[in-house]
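Grab a pencil and work through the exercises below. Try each task yourself before you read its solution.

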Amino acid sequence: MGSNALTIIVYVVLGTIAGSILCVIPALHIYNVAGIAVVLWMGTKSLIPYYSLAPFFMSLVVSFAFLNTIPRTFLNTADESAGASMLPSTDMVTRGRGKDAALMTGMGTLAGAFMLLVLYPFFWFIWPYLARVTGPHLHWLLGLIIVHYIMSEWPKGAGRGDTIWKKFKDAWRNVFAGLLTFTLAGTFGIIFLSKPILPAANSFQNIMPVFIGFFAIPSIIQSLLSNYNPPKQYNSKYINADWGDFSYGLLPGFIGGMLAAYLPAVTAGIGAMLAGHTTNHRNLERTEFRPPKEEGTIIDLHTPEMYYRQERLFMIAGGTIKILYYVGAFLLLFVLTELTPYGTGRGGLTFILKPVFIAEPGDFFVMASTIVLSASLSFILLTYVASLMTKILTKLNLKFIYFLALVMVFTIIYIIGGGLMGIGVSLITACIGMIPVFYGCRRSHAMAVLLVPITLNMAGYGDSIIHLLRLA
Amino acid sequence: MKGLTHFISGVAAATFIPQAVRMSISSRMDIEGAASSFILVLAGMYGIMPDTLDFKFGQFFEMSDFVVDPDPENPDPVQMARKFKEAVEKADRTGEEVRIQYFPTQLGTNKWRQYCIVFEESKVSIQLNEIVSTSQIPFMGTAPKGKRVGRAKFSQKLKSRSEEIDWLNKLIRFLRQKLKGPDRKGGTVKPSTIDILSSTMFGLKKEADGRIYFNWLPWHRTWSHSYVLAALMSLPVIGITYLLNLEYWWLYGVVSFVGMATHITEDMTGHIGGSLLWPLLRPRTEGFELFKASDPRTNFSVIYTAFIFIIFNIDRFTTRLITGGPGAAMPWWLFLLLFWILPMFIYFKVVANIKKKIDEKKKRIKEEEEEEDPDGMGDAVID
């Protein structure tokens, strides 16, 4: 037992290092990380003992959850999950406070890691009931997510124009772009999942080029085209947040994270949007009209502290949601109760490891310990890398880095994602993924690639649709 | 209330229909009537429908008589105020409703010039403020130097509450006054702030007493917030499901109506109300003014309540694991006590505590300001 424990610790450390290295590739989606993980496993399965398999991959995902904050924050490359925290952190980087932003998100992630442990009674005594009751209803619950997601994309244009048509055209750009992205991604998902395009040898990596195309390539191209030129960064000793911010961040973090961890194809971006709508308490303290303070004015519009706090909450809760989604989804595989004898794990890693790994009673505590160790190491690593970035950011040739990242993602697809066919698939999905970038709608609309086919299949309509589209 | 609140409460209301819940469960389950139906999605869709009709369609159907679209480079508050004066004078002259629309001023992807419109009984003032982010956070020191305020006086008088109301509005007013006590004396119109994304429209109409009734967002919560329209809009659903030969085809219409009616009813708790019987009775009826639509406490508690009742209903009508079944975990009252009443009690206690702290801080700052700067010229308090 003692030597086994030591072996596990060694693999947890190795997994943490492996996850940190994966963050070198900007804008990588967690589903791609899971894909790369399986390639790692195939190359090393004779090296990793069976009992260290799950801790190794768990620590890989834990460190990815922490360290991918660095490219997101400093290099301005967003994957789909960055929706919640991206804008405030970009803002902070442009004000030289990138380290603050990275650490705030990192501390949110750390809080999320400990939340996973504190939630033990919830996972054991309440969660199994929720999972069993909602399980047979998942198709319409996902239908609700889809409908709300589409209907809650409100026009961003103000509706300028002297005719009704001109007003619509001005206002509806983002709404139309969102609908288009969703429809194209959903249709692509139905075709792609019913008629695999990639060679059989790459079937386990089927989804990799799709996700790199939807999220990584558009993000990198956007960064290449933008004039992102961050100023000198402060290497501050303290972050501009208090304990209250972290307390406030727990609720949206929990709601968004659990939604993403449990509902299939619901990602951190979608979870964050729903959690934000549910828990936004900014208006608890409203803007106020006060007597004038400056000469030549008639009124003073006071912006309360709650508004500034909300900005910080975006980053903190964004970090929490990220780890609950990446790690919590996998941890649920180990919640083995009478009602959930096979666990309720979801996500890419669960999908990939389920055929080769069977969770056993007691594994939960091994995984919980893995999370604590890997999260602590990853957070320490994050603080060092964030400090390093503040020193070197202005010296980096960002255009070259983005170009290199682009070459890197295409190389990965070529090697493990189906060769030229995989590259072709990623270029098609990149075209769809570019629509949100150029028209300012939500990036997560591209998740329709999984949401639509999964929802239809769960309801039992998948085959009918495939026949209707003559894909059978 | 917010979109998600209406959406989820519409669904929660529909889950009280046992047949709709049974139809929704996966057909793989051994439950009578299980059909993997998406019927409950209709409740959510129709739950958010009235605001979809308003904000995605209705507002663009409305043309305004006066448009104020400030030049981002060189906004002129004097001209902006004069336009309002012209609108008031036209409303006085013609007796018709005159609409004026103020557009936001975007300066960059995440930068907007904020401005306030301050109304007095016979005067309007427009003040240009700082540049703000899309989160409405001001960038300090970005207020224009000089020429920040424009004023325009007019001979007419503005008022914020209409006196020309129909029987339904009179009934709502009567009920509100019974519920809340007498209305506060109609003062001047509240100031308005324009910064990000959408424009603001004001309707101005002269009433019998010679004063100009000021109507904020005259296109909002009118035809779209009507029980009659909700019934009419459920008809196509009934038609389609009938043609598709679905079992319980009529129930799809009922569920759609329930979703939309829930939204309309919830909005009546606010200030603006709705045109409840449009097209039979066109004017917009005032609300009961119990909560502000954006109040986070109302929104969160309704969302949480809706979530709990969705779980409660789908369990008791199908799986029967939590309550109601032979081996159920607990009686229904204990479930509601533990998972609804207790958490809500804790939530309101915590929020009340936070609110108390906010108010105390505000009071302290005010007192400090008064001590330091009797003329109110202290520094802006931000952090």
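Here come some ground rules, followed by the exercises.

This is a predicted model, in which local features need pLDDT of at least 70 and side-chain atom pairs count only at pLDDT 80 or more, while totals for chains, interfaces and linings use all residues. Residues are numbered from 1 along each chain as its sequence is written, chains are lettered from A in the order in which they are written, and side-chain values use heavy atoms, with hydrogens and water left out.

**Exercise 1. The make-up of the chains**

Task: Find how many helices and strands chain A has, and do the count for chain B too.

Solution:
- Start with the rule: helices (H or I, at least four residues) and strands (E, at least two) are DSSP runs, numbered from the N terminus.
- Chain A then gives 20 helices and 2 strands.
- Chain B gives 10 helices and 10 strands.

**Exercise 2. Size and packing of chain A**

Task: Work out whether the radius of gyration of chain A agrees or disagrees with that of a compact globule.

Solution:
- The radius is taken over C-alpha atoms, and the globule rule is 2.2 Å times the number of residues to the power 0.38.
- With 472 residues, the rule leads to a value near 23 Å; chain A has 22 Å, so the two agree.
- For the extent, the C-alpha trace of chain A spans about 75 × 55 × 50 Å along its principal axes.
- Next comes burial: buried means under 20% relative accessible area, exposed over 50%, and partly exposed in between (1.4 Å probe, protein chains only).
- In chain A, 62% of the 472 residues count as buried.
- Last, take contacts (heavy atoms within 4.5 Å). Among those in chain A with a separation of 6 or more, 81% join residues 24 or more positions apart.

**Exercise 3. Chain B by the numbers**

Task: Describe the extent, burial and contacts of chain B.

Solution:
- The C-alpha trace of chain B spans about 75 × 50 × 45 Å along its principal axes.
- Of its 383 residues, 50% are buried.
- Residues 24 or more positions apart make up 67% of the chain B contacts with a separation of 6 or more.

**Exercise 4. A covered helix in chain A**

Task: Check the length of H13(A), then say what its buried residues pack against.

Solution:
- H13(A) runs over residues 268–279, which is 12 residues.
- The expected span is 1.5 Å times one less than the number of residues.
- From first C-alpha to last, H13(A) reaches 16 Å, close to the 16 Å expected.
- Of its 12 residues, 10 are buried, including Ile270(A), Met273(A) and Leu274(A).
- These buried residues pack against H8, H12, H14 and H19 of chain A, together with H1 and H9 of chain B.

**Exercise 5. A covered helix in chain B**

Task: Find how many residues of H3(B) are buried, and what covers them.

Solution:
- H3(B) covers residues 39–47, and 8 of its 9 residues are buried.
- Among them are Leu40(B), Val41(B) and Tyr46(B).
- The cover includes H8 of chain A, together with H1, H2, H4, H7 and H8 of chain B.

**Exercise 6. One tryptophan**

Task: Decide how exposed Trp249(B) is and which residues it touches.

Solution:
- Trp249(B) sits in helix H8 (residues 249–267) of chain B.
- Its relative accessible area is 33%, so Trp249(B) is partly exposed.
- Leaving out residues up to four places away in sequence, Trp249(B) touches Ile238(B), Thr241(B) and Tyr242(B).
- Ile238(B) is 11 residues from Trp249(B) in sequence and 6.1 Å away in space, C-alpha to C-alpha.
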